[in-house]
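Here is a friendly walk through the model you have open. Let's start with the overall build and then move on to particular side chains.

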Amino acid sequence: MFDVVVVGHFAIDINRYPWGTIENALGGAPVYSGMTAVSLGMATGIVSKVGRDFVDRFPPLFSKLGLDTEGILVSGERTTTFENIYD
């Protein structure tokens, strides 16, 4: 039984700053809202879809952090990637 279930889109972010680039950053609303709920002591489930590349880059990270990952579907090769440019 969950206190909250987060539905949304995981992403792999590339963050470009004037001083350098951070690649393979975990992004998307389920990451931020899910981790917030866990930090508030809520039993939290995630519903999302990711590519196989996500599993390679972020192996069972979420379950270690207290998020239930049973609702994550792995389908296709690639996960949505965003390039964020900050200046």
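## Overall build

The protein chain has three helices and six strands, taken as DSSP runs (H or I of at least four residues for helices, E of at least two for strands) and numbered from the N terminus. Along the sequence they come in the order β-β-β-α-β-α-α-β-β. This is a predicted model, in which local features need pLDDT of at least 70 and side-chain atom pairs count only at pLDDT 80 or more, while totals for chains, interfaces and linings use all residues. Residues are numbered from 1 along each chain as its sequence is written, and side-chain values use heavy atoms, with hydrogens and water left out.

The C-alpha atoms fit in a box of roughly 45 × 30 × 20 Å along the principal axes. Of the contacts (heavy atoms within 4.5 Å) between residues at least 6 apart in sequence, 68% join residues at least 24 apart. Two C-alpha separations give a feel for the scale: R16 and L65, 49 residues apart along the chain, are separated by 26 Å, while V38 and Y86, 48 residues apart, are separated by 29 Å.

## Surface and charge

The accessible surface of the chain is about 5,500 Å², and carbon and sulfur atoms account for 57% of that. These areas come from the Shrake-Rupley method with a 1.4 Å probe, and for residues only the protein chains shown count as cover. Of the 87 residues, 31% are buried; buried means under 20% relative accessible area, exposed over 50%, and partly exposed in between (1.4 Å probe, protein chains only).

The chain carries 6 positive and 10 negative charges, and the mean positions of the two sets are 6 Å apart. Lys and Arg count as positive and Asp and Glu as negative, with His and the chain ends not counted. Each charge is placed at NZ of Lys, CZ of Arg, CG of Asp or CD of Glu.

## The largest nonpolar core

Which residues make up the largest nonpolar core? There are 10 in all: V6, F10, I12, V31, I46, V50, F54, F58, L67 and I72. Such a core is a set of buried Ala, Val, Leu, Ile, Met, Phe, Trp, Tyr and Cys residues joined through side-chain atoms within 4.5 Å. The elements giving two or more residues to this core are β4 (44-50) and β5 (67-74).

Leaving out residues up to four places away in sequence, I72 touches F10, I46, S48 and V50. With the same kind of neighbours set aside, V38 in helix α1 (residues 29-39) is in contact with T44, L65, G66 and L67. Strand β5 also holds E70, which is exposed at 71% relative accessible area. The C-alpha atoms of E70 and F54, 16 residues apart along the chain, are separated by 15 Å.

## Two salt bridges

How many salt bridges does a search of the whole structure find? There are two, where a salt bridge is a side-chain nitrogen of Lys or Arg within 4 Å of a carboxyl oxygen of Asp or Glu. One joins E83 and R16, at 2.3 Å from N to O. E83 lies in strand β6 (residues 81-85) and R16 in strand β2 (residues 11-17), so this pair ties together parts 67 residues apart in sequence. E83 is partly exposed at 46% relative accessible area, and R16 is partly exposed at 30%. Beyond its neighbours within four places in sequence, R16 is in contact with T21, E83, N84, I85 and Y86.

E77 forms a salt bridge with R52, their closest N and O atoms being 2.5 Å apart. This pair links distant parts of the chain, with E77 in the loop between β5 and β6 and R52 in helix α2 (residues 52-57), 25 residues apart. R52 is partly exposed, at 42% relative accessibility.

## D13 and N24

D13 is found in strand β2. It is buried yet has no salt bridge, and the nearest side chain of opposite charge, R57, is 9.6 Å away. Neighbours within four places in sequence aside, the contacts of D13 are I22, E23, N24, A25, L26, G27, Y32, F82 and N84.

One of those contacts, N24, is found in strand β3 (residues 20-27) and is partly exposed at 38% relative accessibility. Most residues other than glycine have a negative phi. N24 is not a glycine, yet it has a positive phi of about 60°.
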